[in-house]
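Please look over the chain shown here before reading the notes on its fold and its C-terminal part.

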Amino acid sequence: MARSLKKGPFADESLMKKIEAMDSMSQIRELFGFYMKKFKRLGWARKKSETPAEYAARSSAELNRYMAGTCSVSQIADTFSDARYGGIEPSFETLSSIREAYPQLLKNCRKQLGFVRYALKYYFL
């Protein structure tokens with residue numbers, strides 16, 4: 001209940017700290033789920049039948065404008081797929097760039113959506 005009351009750009013700061021404490025395989029699974037929730041709120045939900053690569057191909061043109069200056073949707077999907085299905089452990093640098101993309105995502109949403117639309121979605125991102 002206390003977590004639901006915490007809003008704003010640092011609302012997920014405690015979640016990010018918990019994710020940082022996990023092993024790299026768990027981190028990428030959590031981060032992938034985290035970003036899928038955020039992208040869903042922007043209107044780009046992943047279809048149940050879609051693979052991460054299919055989702056990235058379908059949505060990256062639109063979502064990469066929100067991710068500009070950070071990692072891409074394809075990088076998140078590829079890293080997740082490699083870890084989940086290939087057993088390939090993601091590097092520290094890759095995980096760091098995916099974790100650090102969230103503040104930039106908020107900044108770009110504010111810029112791309114405009115003040116009113118961003119304010120309406122602000123508490124949901």
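The report below covers the overall make-up, then one helix, then a surface patch.

## Overall make-up

The model is predicted. The protein holds eight helices and zero strands, so its order from the N terminus reads α-α-α-α-α-α-α-α.

The protein has 125 residues, and 40% of them count as buried. Its accessible surface comes to about 7,400 Å², and carbon and sulfur atoms make up 55% of that area. Among contacts with a separation of 6 or more, 57% join residues 24 or more positions apart.

## Helix α7

Helix α7 covers residues 101-113, which is 13 residues. At 1.5 Å a residue, a span of 18 Å is expected, because the expected value is 1.5 Å times one less than the number of residues. The end C-alpha atoms of α7 are 18 Å apart, in agreement with that value.

Several side chains of α7 belong to buried residues: Ala-101, Tyr-102, Leu-105, Leu-106, Asn-108, Cys-109 and Leu-113. After α7 comes Gly-114, which has a positive phi near 85°.

## Helix α8 and the surface patch

Helix α8 runs over residues 115-122 and contains Leu-120. Is Leu-120 buried or exposed? Its relative accessible area is 61%, and Leu-120 therefore counts as exposed, the cut-off being over 50%.

Leu-120 is also part of a nonpolar patch on the surface, together with Phe-115 and Val-116. The accessible area of Phe-115, Val-116 and Leu-120 together is about 380 Å².

Terms used:
Residues are numbered from 1 along each chain as its sequence is written. This is a predicted model: local features need pLDDT of at least 70, side-chain atom pairs count only at pLDDT 80 or more; totals for chains, interfaces and linings use all residues. Side-chain values use heavy atoms; hydrogens and water are left out. Helices (H or I, at least four residues) and strands (E, at least two) are DSSP runs, numbered from the N terminus. Buried means under 20% relative accessible area, exposed over 50%, partly exposed in between (1.4 Å probe, protein chains only). Contact means heavy atoms within 4.5 Å. Accessible areas come from the Shrake-Rupley method with a 1.4 Å probe; for residues, only the protein chains shown count as cover. Patches are made of residues with over 30% relative accessible area and no salt bridge: like charges are joined within 9 Å, nonpolar side chains (Val, Leu, Ile, Met, Phe, Trp, Tyr) within 5 Å. A salt bridge is a side-chain nitrogen of Lys or Arg within 4 Å of a carboxyl oxygen of Asp or Glu.
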